[in-house]
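Open the model in your viewer and keep the sequence panel beside it. The tour goes residue by residue, then steps back to the whole chain.

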Amino acid sequence: MSNYQFELNRDGVKQIMKSAEMKAVLDETAQHIASSSEGDYKVDTMTGRTRANAKVSCASAKTYYDNLRNNTLLKAMINTRRG
């Protein structure tokens with residue numbers, strides 16, 4: 001066995017997680033999830049304290065209840081991860 005030690009550069013990871021490139025990747029994925037789901041969905045992307053975040057949410061009551069009954073966003077997210 002070797003005595004190799006790995007030290008994580010926490011400042012570097014923080015910069016990557018908050019970068020514009022990471023925000024763009026998250027926005028692209030969220031847009032794909034919203035567009036592959038039938039209904040009226042909106043995408044919000046923001047940079048928080050520790051990382052960039054993307055949120056896909058229902059923009060109408062009809063879409064909200066359809067998502068409750070059929071798990072539309074969950075299914076779209078699972079299909080996005082596979083392909």
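**Stop one: Thr63**

Start by selecting Thr63, a buried residue with a relative accessible area of 6%. The cut-off for buried is under 20%, so Thr63 at 6% falls within that class. This is a predicted model. Thr63 sits in helix H3, which covers residues 61-70.

Now show the side chain. What does the side chain of Thr63 reach? The partner is the backbone nitrogen of Asp40, at 3.1 Å. Next, display the surroundings of Thr63. Leaving aside residues up to four places away in sequence, Thr63 touches Gly39, Asp40, Tyr41 and Cys58. Asp40 thus appears twice on this stop: in the list of residues touched, and as the owner of the backbone nitrogen that the side chain reaches.

**Stop two: Asn71 and Thr72**

Move along the chain to Asn71. Asn71 lies in the loop between H3 and helix H4, the latter spanning 72-82. Check the backbone here. Phi of Asn71 is near 55°, a positive value in a residue other than glycine. Is Asn71 buried or partly exposed? Asn71 is partly exposed, with a relative accessible area of 40%.

Step to Thr72, which belongs to helix H4. Thr72 is buried, at a relative accessible area of 14%. Which residues does Thr72 touch, residues up to four places away in sequence not counted? They are Ser37, Glu38, Tyr41, Asp66 and Asn67. Select Tyr41 as well. Tyr41 is touched by Thr72, and Tyr41 is also on the list for Thr63.

**Stop three: helix H2**

Select residues 20-36 to bring up helix H2, where Ala24 is placed. Ala24 counts as partly exposed, at 43% relative accessibility. Draw a distance from the C-alpha of Ala24 to that of Ala52. The separation is 9.3 Å, for two residues 28 apart along the chain.

Stay in helix H2 and select Glu28. Glu28 counts as exposed, with 59% relative accessibility. Draw a second C-alpha distance, this one from Glu28 to Val43. It comes to 9.7 Å, and the pair is 15 residues apart in sequence.

**Last stop: the whole chain**

Zoom out and colour by secondary structure. How many helices and strands does the protein have? There are four helices and two strands. Read from the N terminus, the order is α-α-β-β-α-α. The radius of gyration is 17 Å, well over the 12 Å that the globule rule gives for 83 residues, so the protein is more spread out than a compact globule. Turn the C-alpha trace along its principal axes: the span is about 55 × 30 × 20 Å.

Switch to colouring by burial. Buried residues make up 19% of the 83 residues; Thr63 and Thr72 are among them. Then bring up the contacts. Of those between residues at least 6 apart in sequence, 46% join residues at least 24 apart.

Finish with the surface. The protein exposes about 7000 Å², and carbon and sulfur atoms supply 50% of that area. Colour the charged side chains to see 13 positive and 9 negative ones. The centres of the two sets lie 7 Å apart.

Definitions and conventions:
Residues numbered from 1 in each chain as written. Predicted model: local features only at pLDDT ≥ 70, side-chain atom pairs only at ≥ 80, totals over all residues. Heavy atoms only, no water. Rg over C-alpha atoms; globule rule 2.2 N^0.38 Å. Buried < 20%, exposed > 50% of the residue type's maximum accessible area, 1.4 Å probe, protein only. Contact = heavy atoms within 4.5 Å. Areas by Shrake-Rupley, 256 points an atom, 1.4 Å probe, with all protein chains shown as cover. Lys, Arg positive; Asp, Glu negative; His and termini not counted. Charge placed at Lys NZ, Arg CZ, Asp CG, Glu CD. Polar contact = N/O pair within 3.5 Å; in protein donor to acceptor, adjacent residues only side chain to side chain.
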